[in-house]
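Please open the model in your viewer and keep the sequence panel beside it. The tour below moves from one selection to the next and says what to look for at each stop.

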Amino acid sequence: MSISTAAGTFDAIVAGPPEGRPVLLLHGFPQTALVWQRQIAALAAHGYRVVAPDQRGYSPGVRPERPKDYRIGDLVDDVVAITEELGWTAFDLVGHDWGGAVAWWTADAHPGRLRTLTVVSTPHPRALATTLRTDLDQRERSHYMIDWRETPATEERMLADGAEELRAFYSGKVPQTSAEAYVWHLSQPGALTAALNWYRAGRPDGAIGVIEVPTLYVWSTDDSAFGPAAAQETGQWVSGPYRFETLQGVGHWVPEEAPETLSHLLLAHLQAHDVC
């Protein structure tokens, strides 16, 4: 499916009955909407209307060249534009990795539009900021974000030798067919630079606040990017109903490493807040 907005045209995976309760799924780096294939199937089977877009830079039709066009405000505006084009006045929002960051900021900026929020892996931005100041472990985990701002050296390194470094991110935890699809997608001209521009866009213009939306946060103990300090701090930044789930022995790629568990948690969260 293609979704046309003022920013451009987003590619998206769509499933479930058109009249079903709408759910928007946001992927992270370095993946595409394909990351959600198991959750899409589970949600559609339960009657939900599911849309998972390839986000800004990942969709060829929305691939600006300037890093500043990937600031968090633009990414949140994309969520609003997509759902308005779909005719959704209210929806459930789910995000993983960078998609999780966009989901947190969307919940802060547009709480009246969201029925529920589910974030996988990514702590609340203020929780992450706090632990970057106070926790050496999290600072070390996040150092790659600084390294990846270097261009074009980062792209060249990741794509060298048949994209060996890019392939290594998936570390055998992602299905081989999906990993190959991600590598192919990000090897297209300009695609990896666009994806990395999310890291190069600069700090948000404002500060995010406490989240009022009913929230499920799923964190995994073997996540290489986000440590326990930020995960545990996240609950301090949610005032609405909050559920924190820890997956033991699971790495960063939760939707693909623990698909059944995540789908079960997601469905339970949506059903617990089944209000009009």
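In which sense do β1 and strand β2 pair, and over how many bridges? Select residues 8-15, which make up β2, together with β1 in this predicted model: the two strands run antiparallel to one another and are joined over four bridges. Within this pairing, T5 can be picked out opposite G8 of β2.

Now widen the selection to the whole sheet, which is open and consists of eight strands in the order β1-β2-β4-β3-β5-β6-β7-β8, with mixed pairing. At its edges you will find β1, residues 2-5, and β8, residues 242-247, each of which pairs on one side only. Looking across the sheet, from one strand to the next, the twist averages 20°.

Next, add helix α1, residues 37-45, which packs on the sheet and touches β2, β3 (22-26) and β4 (49-53). If you compare directions, that of helix α1 makes about 160° with that of β4.

The remaining stops concern charged side chains, for which a search of the whole structure finds twelve salt bridges. Begin with R66 and D69, whose closest N and O atoms lie 2.9 Å apart in a salt bridge. The two partners differ in their exposure, because D69 is buried, with a relative accessible area of 17%, whereas R66, with a relative accessible area of 45%, is partly exposed.

Move on to helix α5, residues 136-141, where R141 and D137 are four residues apart, about one turn of the helix. Their side chains meet in a salt bridge with an N to O distance of 2.7 Å. Both count as partly exposed, R141 with a relative accessible area of 21% and D137 with one of 31%.

Which parts does the salt bridge between R167 and E180 tie together? Select helix α7, residues 153-168, which holds R167, and helix α8, residues 176-186, which holds E180; because the partners sit in these two helices, the pair ties together parts that are 13 residues apart in sequence. The closest N and O atoms of R167 and E180 are 2.5 Å apart. R167 is partly exposed at a relative accessible area of 35%, and E180 likewise counts as partly exposed, at 34% relative accessibility.

For the last stop, select R21, D92 and D274 at once, since these residues are best viewed as a group: salt bridges link them in a network.

Note on methods. Residues are numbered from 1 along each chain as its sequence is written. This is a predicted model: local features need pLDDT of at least 70, side-chain atom pairs count only at pLDDT 80 or more; totals for chains, interfaces and linings use all residues. Side-chain values use heavy atoms; hydrogens and water are left out. Two strands pair if DSSP finds at least two bridges between them. Axes are lines fitted to C-alpha atoms, for helices over the stretch in contact, and angles run from 0 to 180 degrees between N-to-C directions. Contact means heavy atoms within 4.5 Å. A salt bridge is a side-chain nitrogen of Lys or Arg within 4 Å of a carboxyl oxygen of Asp or Glu. Buried means under 20% relative accessible area, exposed over 50%, partly exposed in between (1.4 Å probe, protein chains only).
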